[in-house]
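Q: Please take a close look at one annotated part of this model. Start with what the annotation can and cannot tell us, then set the part in its surroundings.

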Amino acid sequence: MVGLSTGEKRFIHGGIAQDLRSDGRKRLHFRPFCVETGVIPQANGSARVRLGATDVIVSIKAELGKPSSFQPDKGKVAIFVDCSPTAAPEFEGRGGEELSSELSFALERCFLGGKTGAGAGIDLSSLIIVEGKVCWDLYIDGLVVSSDGNLLDALAAAIKVALSNTGIPKVNVDLGPSPDDQPEVDVSDEEFLQFDTSGVPVVVTLTKVGRHYIVDATLEEESQMSSAVSVSVNRHGHICGLTKRGGAGLDPSVILDMISVAKHVSQNLISVLDSEIAAAEANAKE
Amino acid sequence: MLQSKSFVKKTKQGRVVKVVREHYLRDDIYCGALSCKVCDTSAARLTSSASTILIVDTNVVLHQIDLLENPAIDDVVVLSVVLEEVRNKNLSVYNRVKALCTNSLRKFFVFSNEHHRDTYVKEMVGESPNDRNDRAIRVAARWYQSHLGGSTQVLLITNDRENKRKAIEEGLSAETVESYVKSLGQPNLLDLVSLPTSEDVGMEEVEDLRPSKRKVIYNEHKPMSEITSGLLRGIYHQGKLRVNRYNPFEAYVGSESIGDEIVIHGRANMNRAFDGDIVAVELLPQDQWHEEKSSIIADDEDDEEEDVHLVPSSADDAPRNTNLVQPAAASTASTSSRPAGRVVGIIKRNWHSYCGSLEPMPMPAGNGGIAHALFVSKDRRFPKIRIQTRQLENLLDKRIVVAVDSWDCLSRYPSGHYVRTIGKIGDRDTESEVLLIENDINSRPFSAQVLACLPHLPWTLSSEVLANPNRQDLRHLRVFSVDPPGCKDIDDALHCTSLPNGNFEVGVHIADVTNFVLPGTPLDEEASQRGTSVYLVERRIDMLPKPLTEDICSLRSDVERLAFSVIWEMTSEAEIISTRYTKSVIKSCAALSYVEAQARMDDSRLMDSLTTDLRNLNSLAKVMRHRRIERGALTLASAEVKFQIDTETHDPLDIGMYQIREANQMIEEFMLAANVSVAEKILKHFPLCSLLRRHPTPTKEMLEPLLRTAAAIGLDLDISSSKALADSLDHAVGDDPYFNKLIRILATRCMTQAVYFCSGDLSPSEYHHYGLAAPLYTHFTSPIRRYADVIVHRLLAAALGIAKLPPIFMDGLQLTSIADNLNYRHRNAQMASRASVELHTLIYFRKRPTDTEARIVKIKSNGFIVFIPKFGIEGPVYLMPRGDKGGDWVVDEVHQKVMRTGTNISYGILQTVRIHMEVVEPQPNRPKLELTLT
Amino acid sequence: MEYVNPLTGFRLDGRRPNEMRQIRGEIGVVAKADGSALFEMGNTKVIAAVYGPREVQNKGQQINNRALVRCEYSMANFSTGDRRRRPKGDRRSTEISLVIRQTMEACILTHLLPHSQIDIFVQVLQADGGTRSACINAATLALADAGIPMRDIVTSCSAGYLCSTPLLDLNYIEDSAGGPDVTVGMLAKMDKVTLLQMDAKLPMDIFENVMQLAIEGCKAVAHYIREVLLEHTKQLECHRGA
């Protein structure tokens, strides 16, 4: 873990209090995003997002599956995050598992909505092929290659970028003669169905250090946090999911305040990401 | 030099997997023209002076391969995109074009356009793979044109109208196959051009074939997607179609999905499928499963009749037991027996080229000399093929080769094109070649690479060979060989020494072929492909080159030869006390013929040591033979005939039964024993990869015809085991001396042949050899003429630890495929031998009408089949003119008799009749042997 | 299957039998690590990160006269065509971890760093054949980046034998053909083989040729790695100058 001296700790706290953080940012400033798409060619969609020294890769693979009996009209999405030991030696062996599952669940909460799938950031009904029989299962795999704080926001941004980069093969379905037959699905070679990502939210994590909260905390800043609230917000400013982490309690009014700040920050973030996506796509085409 | 470019490919292996492969583009791929100033010309193949080079598209290669193989077509560039498509569509055409591209006499060059920096094209959005490939071909053609400059014309040959139009728009020269061939000014080449299908550019001068008669004759084949889903749902069944050799209107599809053979009756149900095609079959409703009567056959316009042929030596040679005279009761009973079906689609065609002749027809008037003719394949399993030719007059009396191009449902017959002429019908050389082609026998001389593997001649025993501790020097032994007269490829020899303890040491010495044929060499590959030597009446097609078969390996007398020996110590009761195996050096003291050996044994005045050895061996062999028969080995009989051939004209002078002597049986006995000993040894060491030979127990169904015949004459045969059958065959003694042999011949033809297999593929209980009543058997004793023995020699050497097992044995699949090939080659070699004998029989009787005695072996509704023991042939005798069914002859099924109503004239099974044999020519150039009652 | 086209002599992807895929190395891809590198061989892409030399975390493992070298190999879920369910800890990963550790240990001057620990983590981002070799090459670059003293640079390359032809640097399709696959790791300058693995039967004389080809491949990789290191050092110098 990060070992900090008392002086360093005070420096961090003091900087945040005066709205001038160690790396020169203001409290609500993100580090510059660096976005690449299509980094994993054999996936249906992929993206690499770097946020300072934080570096994550997200890949999306689509597989044919069967919808669950509760939601016959929706496809399924599963999110897995793996923290590579390259990011920190502590992740060696099973060391990264706890953080990996924490991140996976937080992301699922932010993107997939409740048990019914209602309110999901990803439109699950667009994944259905034949109701009750065949659907697409999306596997979203995140890999943390390098870690310098704010993994959740980085992963969420990478998922959004990867989704916008995802092409799903077009399928022709041959329904069997009787309704009990498993339909024949013929996957076409070329035609890709572009995934609609306009509703996909971003995640903004506000980290409370001392009396103030900051966005995009570095590893060192995170070590000083008392609690953090991650809010996922879509383009229309709707909140799609929320997670509070950290031990200290928060005053409800502070939480509401944090949410409205997050909402505000998120709109900036979305436009930054959109332009990065456009730039990355243009790059990839070349 | 390397440029990387990834492209995306998706496969569906149950799951959706996105596959990404690298694709490197290069700048070091050369154009292959000798005149090129820019490229490296060391591997160039195109003529420097060529004014025109041809670029062909995929369909041209696929359909016009016969034309491309003609030396008139040269300076051809085959693009890798074309090659790849051809490989995916038709492997046999691919192999042929590959052979063209490697043949140093031809100027075919392969250009890797897919990996060339300037000719690689990426699939555009919405472009089909076909369009993309056509575009790739045009891009490559354009590259050639600009690369070679104005001195050389680049001509794109395509029959695809769209592709041709685009090419011309893009400034390329493009022509159809027909117009290009015409421009060459060799009209006969046009016969080789395959007819275009409807989507392609039509040949202007060809009008629709008999438009008034065009009606739908066959059902449309189902589209592939429907077939796949039908197979999946179990509505359709997939399998290889096998047409009955003796009744081309009946076929069988072995289906794994229903675990049985599906019978297909009639051409309409076969729906344009050829023998060997992989088809999808739909079962007919069960009430239509009855075997269709033979009379159905006559409804079709081909009228089939049986020809005189050699007596079958096993069930594989004989017609399926379709009972032509079926009692009413039996036909209702058989309704449910065998599933019947019809072909709904063809999954993979097995079209190749066929040997035969044109159906006689008058010369058509006018029409620019183009005639539409019907080709009749010699192999009756294939339908007639419609071809067009400009040399009809020339071809009518010839054996020709024809390839099939298409068969649409409007046409009764498939269409094809002429490939080449073999020679005049009836001519011995022509017909011999036909039978070689028909049986897929490679009779070409051995290639230079193969001959390069031979040791230098004259071969002599070197001191290194003698110094090898694994090779025992047995030159001191009195070894001799016994073979048919004039045998040059002697692969076995024997010795027999009396031991002081009263026992005998008996050695079987087999030519050490594997000392010269090393695994993996071109020589070995060739031998493995050929599988066996083929014996025709007038010639022999060797598996190995002559210097090996007749000299270096042949265990001739008075020369030192390498051998692989099996040596037993036996008691005088022929009990084997010990067996050892060794590589050896021997020096045979005599190469005897069967007649000589027999004469020596019979001449009581001779007391020399060699004769004593022979007598000792003979008495041992008798004991062994007796014991084998006790065990239940069948003494089966086949009617082998022998020709006396005129040394000048190679025409047969005399024909007669081959006489089997005691000496033959003696040699046979020791060879069997050696094979069994070796089989035990190799299986012990290599339980999973030994090559063995098995003879499946005949099923009751297979023995049915024998039992029916026996029952008709009041003979009771017990078929519960081979022992029981052997005993009851022994007891089947009639009033005439030939009766027993006749029954044995009938029994033999009910059995299938023994086959090679890989021991890992079956369970030990299936290894059994029924005919020899041996639990294990293999072939070890004839490595000069059988490749199976070569493999067994290698296994034995490895089992003894004197050689390493070649890597091929580690690969079960490969070993299985070798065994399959050997079975296929053996079967073909036998078919060819039989066909050769039949051919010579015909030639013999051409000038010699003969009266002789024959035995009735099968009763038919309009006559009976007779067997002529003297000449080993059988054929039909008709009691009424053909086509005149019903008549006044009545068949008595129970007693196997045919009687003339109102008289007491009748013919029963096994009855002796006098017949007249004469060669007649009902149609010009179609001689056949006819049998009539005298 | 014709892995080498008999008429043109090209492999399925357009290489000649003795050609390697395109290789690329990049130093310093993980900011927080002491040394890190990315290495690509065609579509095979791996990241190596080195932490150390540092204090031994588990005192029981401390070695008094030399450094403790540890290695972990993991594959990303998305690294293969068919999605993996377990990134690490299976037997194959454990085996490769061991192979990489032993190979790198043979090259690090461990006696200069007693009581310390060096961790090498390799992460496969994409697997398309030859992951072992790519991992070793990446680890070499990462160790050099971390400034860990080494005898020599160790590089690795594989070679196989298909269609009676020795083939350099098999990709996944060629690797799946079931033929032998010889992986060689060697100390380039000292000309010593430190890793040799083969997974099928091969006659001795053919094996010699295949191994020789793999050794040639190692030398080519070593040549490239030296260039990458040199370029990286020049850049560092440049930064410092500025």
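A: UniProt positions are given here in the numbering of the model, feature names are shortened, and an annotation may be inferred rather than shown by experiment. The model itself is predicted.

The part to look at is in chain B. From the UniProt record, an unreviewed entry, comes "domain: PIN" for residues 52-165 of chain B. What is this stretch built from? Over residues 52-165 of chain B, helix accounts for 50% and strand for 16%. The C-alpha atoms at the two ends of the stretch are 20 Å apart.

Take one helix first. Helix 3 of chain B runs over residues 80-89. Which of its residues are buried? They are B:Ser80, B:Val81, B:Val82, B:Leu83, B:Glu85 and B:Val86. A general point helps in reading such a list. An α-helix has 3.6 residues a turn, so residues three or four places apart point the same way. B:Ser80 opens helix 3 and is itself buried. B:Glu85 is on the buried list too.

What do these residues pack against? The partners of the buried residues include three helices of chain B: helix 1 (58-63), helix 4 (91-102) and helix 5 (129-148). Strands take part as well, among them strand 3 (52-56), strand 4 (76-79) and strand 5 (108-111) of chain B.

Now a loop. B:Glu123 sits between strand 5 and helix 5 of chain B. Is B:Glu123 buried, partly exposed or exposed? There are 17 other C-beta atoms within 10 Å of B:Glu123, so it counts as partly exposed. The cut-offs are 20 or more for buried and 12 or fewer for exposed. B:Trp407 gives a sense of distance along the chain. B:Glu123 and B:Trp407 are 284 residues apart in chain B, and their C-alpha atoms are separated by 33 Å.

Step back to the whole of chain B. The domain assignment gives domain 1 (23-192), domain 2 (351-425), domain 3 (448-693 + 758-835) and domain 4 (843-933). Domain 3 is therefore written as two segments of chain B. The centres of domain 3 and domain 4 of chain B, taken over C-alpha atoms, lie 41 Å from each other. Chain B has 25 helices and 38 strands. Of its 934 residues, 40% are buried. Contacts between residues at least 6 apart in sequence join residues at least 24 apart in 68% of cases in chain B.

Next, chain A. Chain A has five helices and 12 strands. Its C-alpha trace spans about 75 × 45 × 40 Å along the principal axes. Why does the radius of gyration fit a compact globule? A compact globule of 286 residues would have a value near 19 Å, and chain A has 20 Å, which agrees. Buried residues make up 45% of the 286 residues of chain A. In chain A, 67% of contacts between residues at least 6 apart in sequence join residues at least 24 apart.

Chain A carries an annotation too. The UniProt record, again an unreviewed entry, places "domain: Exoribonuclease phosphorolytic" at residues 30-169 and 199-263 of chain A. Residues 199-263 of chain A are 25% helix and 40% strand, with end C-alpha atoms 15 Å apart.

Chain A also touches chain C. The contact takes 23 residues from chain A and 21 residues from chain C. Strand 3 (54-65), strand 4 (76-83) and strand 6 (134-146) of chain A each give at least two residues to the side of chain A that touches chain C. Strand 6 of chain A gives the largest share, five residues. By type, the side of chain A that touches chain C has 11 nonpolar, six polar and six charged residues.

Chain C has some backbone details to check. Most residues other than glycine have a negative phi, and most peptide bonds are trans. C:Gly52 and C:Pro53 are joined by a cis peptide bond, with omega about 0°. C:Pro53 belongs to strand 3 (residues 44-55) of chain C. C:Cys163 is not a glycine, yet its phi is positive, about 50°. C:Cys163 lies in the loop between strand 6 (154-162) and strand 7 (165-168) of chain C. It has 16 C-beta neighbours inside 10 Å, so it counts as partly exposed. C:Asp169 also has a positive phi, near 55°. Its loop lies between strand 7 and helix 3 (172-175) of chain C. C:Asp169 counts as buried because it has 27 C-beta neighbours inside 10 Å.

Last, confidence. Chain C averages a pLDDT of 91, and 98% of its residues score at least 70. For the model, ipTM is 0.90 and pTM is 0.70.

Methods
Residues numbered from 1 in each chain as written. Chains lettered and ligands numbered in written order. Predicted model: local features only at pLDDT ≥ 70, side-chain atom pairs only at ≥ 80, totals over all residues. Helix = DSSP H or I, 4+ residues; strand = E, 2+ residues; numbered from the N terminus. Contact = placed C-beta atoms within 7 Å. Nonpolar A, V, L, I, M, F, W, Y, C, P; charged D, E, K, R; others polar. pLDDT = per-residue confidence, 0-100. Rg over C-alpha atoms; globule rule 2.2 N^0.38 Å.
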